[in-house]
Structure formats: structure tokens, C-alpha cells
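Dear colleague,

I am passing on the structure we talked about, with the sequence alongside. Please have it open while you read.

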Amino acid sequence: MPVPIPLTDEERAVYEWQIWVDDFREAGQEKLKGASVLVSRVGGLGSVVAYELAAAGVGKLVLAHAGNVKPSDLNRQLLMTHDWLGRPRVESAEQRLKELNPRLQIVAVPENVSEENAERLVSEADLIVDCAPLFEERFAMNRQAVLQKKPIVECAMYDLDAQITTVIPGQTACLSCLFPEKPPEWRREFPVFGAVSGTVGCIAAMEAIKVLAGFGEPLANRLLTFDLRSMRFSKLAIERKPNCPVCGEPA
Amino acid sequence: MSVRIHIPPTLREWAGNADKEVIVQPGSVQDALIQLADRHPAAYRGVCDETGAVRRHVNLFVNDSLVRTPADFERTLSPGDELFIMPAVSGG
């Protein structure tokens, strides 16, 4: 977990409103300043996660996302802009985050997470937020998060529905406990509004802030699901699988 | 009063229409799945494989409790209970 770093007077002024939060205070802000978060893809979910973490004063963000900005990104990927069409997504994300928080340290990686780079990328962070669309990326990150004992916030959506949980390795169900296999028919592109991915992203960012600063009740062994058509929210109980190939006890 | 099965968006097209909910008669979780199979066989196949086992990318919940063990599947659903089908989805 992060090593707290004392705040400057400028930072006290910027974060004044959240430092007023009773169980967070300046000690919590110092932990965020010392923290590093890996955000896997800065698309509809990850853009909002990264923006909220940058605004909240997390010290370092590692952003992993391949490819260039496309027109179909712009309904939800709030760190991408029209004037950046055809240019690298992580560069657009880095520029916009720096406009918001010039103190933020950013490691912009123009790659998606894979089996080849997951170990290195996860090792650079205190916590991971999984915003990736492909299960291969998600399972690779989950394995490394468990191996390196790093908390990982898992977020997902489809249409107006969403799912979020926070994995604390050794204590809670991991992604593979919950879903040992990917859906065979899963497609990288699917129906969603930016307001849905943004809602999930804000909740995921708040989970990251709580875990890093050590306050509140993260979604540990709880799967938050919601349907923004009906505005129904549910917190479902989940559990570790003793025989999980990723986090289960060796036989 | 009956039991409500919530059909997620990924399975709705399999259900043959846009129904978000299927109403079934009280019984066990297994009974509820059999009623789903009768009414919406394609949606049922999205939940259970050819052996009747729940697919590995799907979880079922009764109200807020995970259905995992054989005893969970035999659990009697009371009128007003809700069965949630929760397939894996992702970010993007």
C-alpha cells in the first residue's frame, strides 16, 4: 500500500473539500499522493476512472491503452477529443489529465495489457482498475494482481447494466472465482451509453480511493450491480472458490 | 405472488423479445430454470449447458445470495423472491 507523502500548501488548497471528509482528512490525502494506480484502457470506463483519480490527487497513474482515437470512441471516452481523431489515445488522455492536474505523474503506455506485459504493468502500481473489454486482458491482470497481492477493482457493463467488485487478494473472490471462463460469444464492441460507463467509472474511482486511503467499506466479496433503466441497485454476496485456479489454495 | 427471473440484456435477444423479467411459479431454483427452459429455451441455453449445469461465465443469485452448491439449487423459492442471472460482461 502507498507510502504517504506530505502535502504542499497548494495541494491543501486544491483538495480542501475532500480533506473535510471526516474519515479521510489530510492523512488520507497524503496516502493518495503517495499512490500509484494502473488503469487498463482509458476508454468509456477508464477515462472517467483516470479523470476522477487525477482530480482526487492520486500521485501517479499508469495508463495502458493501444490504438488511435476513432469517431466511435467519442460517445463515452471522455479523455478523447475530436481534434485528436487518428492520433494515439494515451496521448490524448495524458494531455487532458495534465490540464486538470499538472502535478500528476503519468506513465502512458500505448499497449493493451497482455500476458507479456501484465507482470511489469501491475508491478508499477499499488492498485489496478480493470476497465478492459477483452477477457484475455482481464484474466492476465487478475492473475498478476493476485500473485503480486495488489487490489484490483473490476468493473464491467453492457447496455444499461453494470457490475463492480473490489478484489483484495487473499481475502476476497477474484475475477476467476466469479467467472472462470469468458462468455464464448463475447464481442469487444457492445451497446452502451457514456453515462453508463461514466457512472461505473465514478464508482470504481471511489472504490480505489477508499482502498488506497483505508477508509469506508469497499465492495469486498460484494458484487454491486445496477440497471440504469429501472434505477435498481443491488449488492450481491460473492465468495472465494477454494479450488479457484488463480487464488485458490494449492492442493 | 410468484417468483421473478431477471433476464440480463446479453440474454434478452436469446429470450426472443425484450422481456426484462420472466414470472414463474414458486418452487426450487432448479424448478425456476425448468420453467425458463419451457418458456424461453434459447435464453435457458444461454444460462445452462446441455448437461443442465450453469455455464461457467454465468452466476445465479437468489435475492442477494449466490447460488453455487447443489443445496442452493434445491433451495425453495418463496413468493416474492427474485432470481438474478448474472453473465460475465466487460469494460470498454
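Below are some notes on its strands and helices.

This is a predicted model, in which local features need pLDDT of at least 70 and side-chain atom pairs count only at pLDDT 80 or more, while totals for chains, interfaces and linings use all residues. Residues are numbered from 1 along each chain as its sequence is written, chains are lettered from A and ligands numbered from 1 in the order in which they are written, and side-chain values use heavy atoms, with hydrogens and water left out.

Helices (H or I, at least four residues) and strands (E, at least two) are DSSP runs, numbered from the N terminus. Strand β2 of chain A, residues 60-64, is mostly covered, with 5 of its 5 residues buried (under 20% relative accessible area, 1.4 Å probe, protein chains only). K60(A), V62(A) and A64(A) point one way from β2(A), whereas L61(A) and L63(A) point the other way; in a regular strand the side chains alternate between the two faces of the sheet.

Strand β1(A), residues 36-40, runs parallel to β2(A) and is joined to it by 5 bridges (pairing requires at least two DSSP bridges), and V37(A) stands opposite L61(A). Between these strands the chain passes through helix α4(A), residues 44-56, in a right-handed β-α-β crossover, which means that, with the strands pointing away from the viewer, the path from the first strand over the helix to the second runs clockwise.

β2(A) also pairs in the parallel sense with β3(A), residues 105-109, over 5 bridges, where A64(A) has V109(A) as its bridge partner.

With regards

Key. Buried means under 20% relative accessible area, exposed over 50%, partly exposed in between (1.4 Å probe, protein chains only).
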